[in-house]
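Visitor: I'd like to learn how to read burial, contacts and helix packing from a model. Can you take me through them one at a time?

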Amino acid sequence: MPAVAFAVAAPQRARAADRLGPSRVLRWSAVAHPAAIVLFLVLAQLGGPAVALAGAAALIGVTVPPLGSVMRALWPALVDPLLLPTAYSLESAAVELCFITGPLLVALFAAVT
């Protein structure tokens, strides 16, 4: 559910960062995303109904900070134009590394604990 909500809301968050400025959207996300996670955890702990859990999970996906789009927009201001393709490549590789190693680390942590 959070992944679908993330995919649906990502273009709107990126547009908001373009229109309102990245710092405003990132500050909003920095408050809303943890609040959505806490809401989901509280509902789960209290045995909330599945519909409420699904709504909270969707809220988690909707409030993910648009870090990738903000960073890609900032790279031209931070990096020499000749190094820009390298910066984009390194950023893309870092994101993929997180997607690959993240689940493995969670599985390892779950197995150990």
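Visitor: Let's start with His-33: is it buried or exposed?

Guide: One thing up front: this is a predicted model. For burial, look at the relative accessible area, where under 20% counts as buried. His-33 comes in at 17%, so it is buried. You'll find His-33 in helix H2, which covers residues 22-45.

Visitor: Which backbone atom lies 3.2 Å from a polar atom of the His-33 side chain?

Guide: For polar contacts, the cut-off is a pair of N or O atoms within 3.5 Å. Here the partner is the backbone oxygen of Ile-60, 3.2 Å from a polar atom of the His-33 side chain.

Visitor: And which residues does His-33 touch, leaving out those up to four places away in sequence?

Guide: Contact is about heavy atoms within 4.5 Å. With those sequence neighbours set aside, His-33 touches Ile-60, Thr-63, Val-64 and Pro-65.

Visitor: Pro-65 is in that list. Where does Pro-65 lie?

Guide: Pro-65 is in the loop between helix H3 (50-62) and H4. Its relative accessible area is 23%, so Pro-65 counts as partly exposed. Again skipping residues up to four places away, Pro-65 touches Leu-26, Ser-29 and His-33.

Visitor: How do I spot residues that are apart in sequence but brought together in space?

Guide: Compare the sequence separation with the C-alpha to C-alpha distance. Pro-65 and Ala-10 are 55 residues apart in sequence, with 8.9 Å between their C-alpha atoms. Another pair is Trp-28 and Pro-65: 37 residues apart along the chain, C-alpha atoms separated by 8.4 Å.

Visitor: What about Trp-28 itself, where does it lie?

Guide: Trp-28 is in helix H2. Its relative accessibility is 46%, so Trp-28 counts as partly exposed.

Visitor: On to helix packing: at what angle do H4 and H5 pack?

Guide: Take the angle between the axes, and remember that over 145 degrees counts as roughly antiparallel. Helix H4 (residues 67-78) packs against helix H5 (residues 84-112) at about 160°, and their axes are 10 Å apart. The two helices are therefore roughly antiparallel to each other. As for handedness, H4 passes H5 in a right-handed crossing.

Visitor: Which residues of H4 and H5 meet there?

Guide: H4 brings Gly-68, Arg-72, Trp-75 and Pro-76, while H5 brings Leu-84, Ala-87, Tyr-88 and Glu-91. By type, the residues of this contact split into five nonpolar, one polar and two charged.

How values were computed
Residues are numbered from 1 along each chain as its sequence is written. This is a predicted model: local features need pLDDT of at least 70, side-chain atom pairs count only at pLDDT 80 or more; totals for chains, interfaces and linings use all residues. Side-chain values use heavy atoms; hydrogens and water are left out. Helices (H or I, at least four residues) and strands (E, at least two) are DSSP runs, numbered from the N terminus. Buried means under 20% relative accessible area, exposed over 50%, partly exposed in between (1.4 Å probe, protein chains only). A polar contact is a pair of N or O atoms within 3.5 Å; within protein, one must be able to donate a hydrogen and the other to accept it, and residues adjacent in sequence count only if both atoms are side-chain atoms. Axes are lines fitted to C-alpha atoms, for helices over the stretch in contact, and angles run from 0 to 180 degrees between N-to-C directions. Angles under 35 degrees count as roughly parallel, over 145 as roughly antiparallel, 65 to 115 as roughly perpendicular and the rest as oblique. A crossing is left-handed if the near helix is turned anticlockwise from the far one by less than a right angle, and right-handed if clockwise. Ala, Val, Leu, Ile, Met, Phe, Trp, Tyr, Cys and Pro count as nonpolar, Asp, Glu, Lys and Arg as charged, and the others, Gly among them, as polar.
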